[in-house]
Amino acid sequence: MTAPAPKISFVSLGCPKALVDSERIITRLRAEGYELTKRHDGADVVIVNTCGFIDSAKAESLEAIGEAMAENGKVIVTGCMGAQPEEIRDRFPNLLAITGPQAYESVLQAVHEAAPPAHDPFLDLLPPQGIKLTPRHYAYLKISEGCNNRCTFCIIPKLRGDLVSRPAAEVLREAERLVKAGVKELLVISQDTSAYGVDLKYQASLWREREVRARFLDLARELGQLGAWVRLHYVYPYPHVDEVIPLMAEGKVLPYLDIPFQHASPKVLKAMRRPGNQEKTLERIRKWREICPDLAIRSTFIVGFPGETEEDFALLLDWLNEAKLDRVGCFRFEPVKGAPANDLPGAVPDEVKEERWHRFMKAQRAISARKLKAKVGRRLPVIVDETGPTVAKGRSKHDAPEIDGAVYVASRRPLRAGDIITVKIERADEYDLHGVAV
Ligand code: SF4
């Protein structure tokens, strides 16, 4: 008789990049015969994959560790917060182990010590595409780790190091496996997607009997041939991004660019030490839309960065009204422990940050509502994420999962998650669309 498989309870916090790390750890554990359980209570070990990006994320991570300690007591902490273990140790001296981001081996070693695997690895139990935490029809594809930029508000390069890209063939093989397993949408992620391959000097690798260079454009082109939607996240407006727009116009990759602009005032951008030449950005956006009129641009911004004056903020609002981006997130500046921005002069008081945030969101809401209204009457392809008794929830090519809006679809025929259907848009509100399946 074989011993029962040890049970692991897993908490995954943070960004899509952390989610990919969680998927890798879980994949390995499942391959070794561990079982996953949704409850801490009764698990042999709890793993908490933390996020330490901003103070509120840290607080959430500490709370999750606290819960796991209270309900179980055998807890391993990994992820971004694990890169600074002192703070966690001070609060929770009895943790089994603390490891930094991407320290898969150390996490597995700690699990082995706390709850040895019950039997030999049942590798055949593992689906070849690995275990995914996202729904089966979309998957995050991580193309590199780390970052060569040094934005002053960010400690990711300190936590994760400089850019390390995966060879193109390795990324493509993973993407192909995912598509064969039923994935309909690939979400390309990294800290800086457009810098892909710089560290490899764009070295080519062999894929389907031909050489593919580790270059942003080459990879996007190859991914576009796999038969899935391909969505590009965290792209910086470097000049070579222009080259990928024709692929979008041809329908090879989704007409969607996620570019975290963060601000528009040259002075604030300089203080942020943002990559890319921002001055001509509006002009470039105009050209991109000329080549691909259906392009949707999503972005994030920070208001209340140290030194941001009312004039800088007014410039940002003007820029926003001019750029008419499709989807926008906005954060009030929060100091992150260890980030150089904390030492910059001209801290903006909280109430001013708050007031600017509201003005920013109001301006963007109006832009977003106008853009969505313009889609009423159109027929759009929609990927179904969740089904319901009368209305299903999906997304158009312009909406990434979890961060953008949704399309609510009424349908007489039953729909399944992952179906890509045509929807006639009948109504729009500030963030979402509503329509019927045709
Ligand atoms: S580009 Fe800037 S914000 Fe993004 S990970 Fe690199 S340093 Fe951080």
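User: Which strands does helix α2 (residues 55–71) lie across, and what angle does its direction make with β3?

Analyst: In this predicted model, α2 lies across β1, β3 and β4 (75–79), running at about 175° to β3. Because angles run from 0 to 180 degrees between N-to-C directions of axes fitted to C-alpha atoms (for helices, over the stretch in contact), this value is read against an upper limit of 180. Helix α4 (residues 104–114) touches β1, β3, β4 and β5 (contact: heavy atoms within 4.5 Å) and makes about 175° with β4. Helices (H or I, at least four residues) and strands (E, at least two) are DSSP runs numbered from the N terminus.

User: What makes β1 and β3 a pair?

Analyst: Pairing requires at least two DSSP bridges; β1 (residues 7–12) and β3 (residues 45–50) share five and run parallel, so they pair. One bridge links S12 to N49. The open sheet has the order β2-β1-β3-β4-β5.

User: Why are β2 (35–37) and β5 (97–98) called edge strands?

Analyst: Each of β2 and β5 pairs on one side only.

User: Which residues line the largest cavity?

Analyst: D326, R327, S368, K371, L372, K375 and H398 do, each having an atom within 4 Å of a cavity point (1 Å grid over the protein atoms alone; a 1.4 Å probe fits but cannot get out). Helix α12 (residues 350–373) supplies three of them, the largest share.

User: On what basis do these values rest?

Analyst: Local features need pLDDT of at least 70 and side-chain atom pairs 80 or more, whereas totals for chains, interfaces and linings use all residues. Residues are numbered from 1 along each chain as its sequence is written, and side-chain values use heavy atoms, without hydrogens and water.

Conventions. On a 1 Å grid over the protein atoms alone, a cavity is a set of points where a 1.4 Å probe fits but cannot get out, and a pocket is an open set with protein on both sides within 12 Å along at least five of seven lines; lining residues have an atom within 4 Å of a point.
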